[in-house]
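Me: Could you take a close look at one helix for me? I'd like to see how a single part fits in with everything around it.

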Amino acid sequence: MRDYKKYNVWELGHEIALMIYILTSKFPKDEVYSLTSQMRRAAYSIPSNIAEGCGRDSDQEFKRYLVIARGSATELEYFLLLVKDLGFIKPEDFETQSDKVNKVKRSLNNLINQI
């Protein structure tokens, strides 16, 4: 069994999830059950799928969960664009978080290709 905490990609995903919680806490209250919830789920889905994949028995199962994590990162990437365009986050926050999401996607791609 793999230790998910030893993967840099998991660390980055965890960092992204924490930052998304902070960013979304400032969203309008009428977004609590929509964008706030969706963004948080997409964000924590990245490290949680990496962790779940580490607990699986085979490389193929691990790879499948990494692909799911990559899909969540792509979903989060869109949500960041949407909330920037809606004016919920500052352009500099968008740039910082988008860069991190793209980094996690690249890292996931590299790990997937290594397996």
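What follows is a walk along one helix and its partners.

Me: Which residues of α4 are buried, and what do they pack against?

Reply: One thing up front: this is a predicted model, where local features need pLDDT of at least 70, side-chain atom pairs count only at pLDDT 80 or more, and totals for chains, interfaces and linings use all residues. Residues are numbered from 1 along each chain as its sequence is written, and side-chain values use heavy atoms, with hydrogens and water left out.

Now to the helix. Helices here are DSSP runs (H or I, at least four residues), numbered from the N terminus. α4 has 24 residues, so at 1.5 Å a residue it should span 34 Å, and its end C-alpha atoms are indeed 34 Å apart. That expected span is 1.5 Å times one less than the number of residues.

The buried residues of α4 are F94, Q97, S98, V101, V104, K105, L108, L111 and I112. "Buried" means under 20% relative accessible area, "exposed" means over 50%, and "partly exposed" is in between (1.4 Å probe, protein chains only). Those buried residues pack against α1, α2 and α3.

That leads us to the largest nonpolar core, which has 30 residues. A nonpolar core is a set of buried Ala, Val, Leu, Ile, Met, Phe, Trp, Tyr and Cys residues joined through side-chain atoms within 4.5 Å. In this core, I20, M39, I50, L76 and L80 touch the most other members. Two or more residues come from each of α1 (8-24), α2 (32-54), α3 (59-85) and α4 (91-114), and α3 gives the largest share, eight residues. Take L76: leaving out residues up to four places away in sequence, L76 touches I16, I20, M39, A42, A43, I46 and V101. Contact here means heavy atoms within 4.5 Å.

Charged side chains join in too. A salt bridge is a side-chain nitrogen of Lys or Arg within 4 Å of a carboxyl oxygen of Asp or Glu, and by that rule there are five. One of them pairs K100 with E15, the closest N and O atoms being 2.7 Å apart. This pair links distant parts of the chain, with K100 in α4 and E15 in α1, 85 residues apart. E15 counts as partly exposed because its relative accessibility is 35%.

Another bridge joins the side chains of E77 and K105, also at 2.7 Å from N to O. Here E77 sits in α3 and K105 in α4, 28 residues apart. E77 is partly exposed, at 24% relative accessibility, whereas K105 has 16% and so counts as buried.
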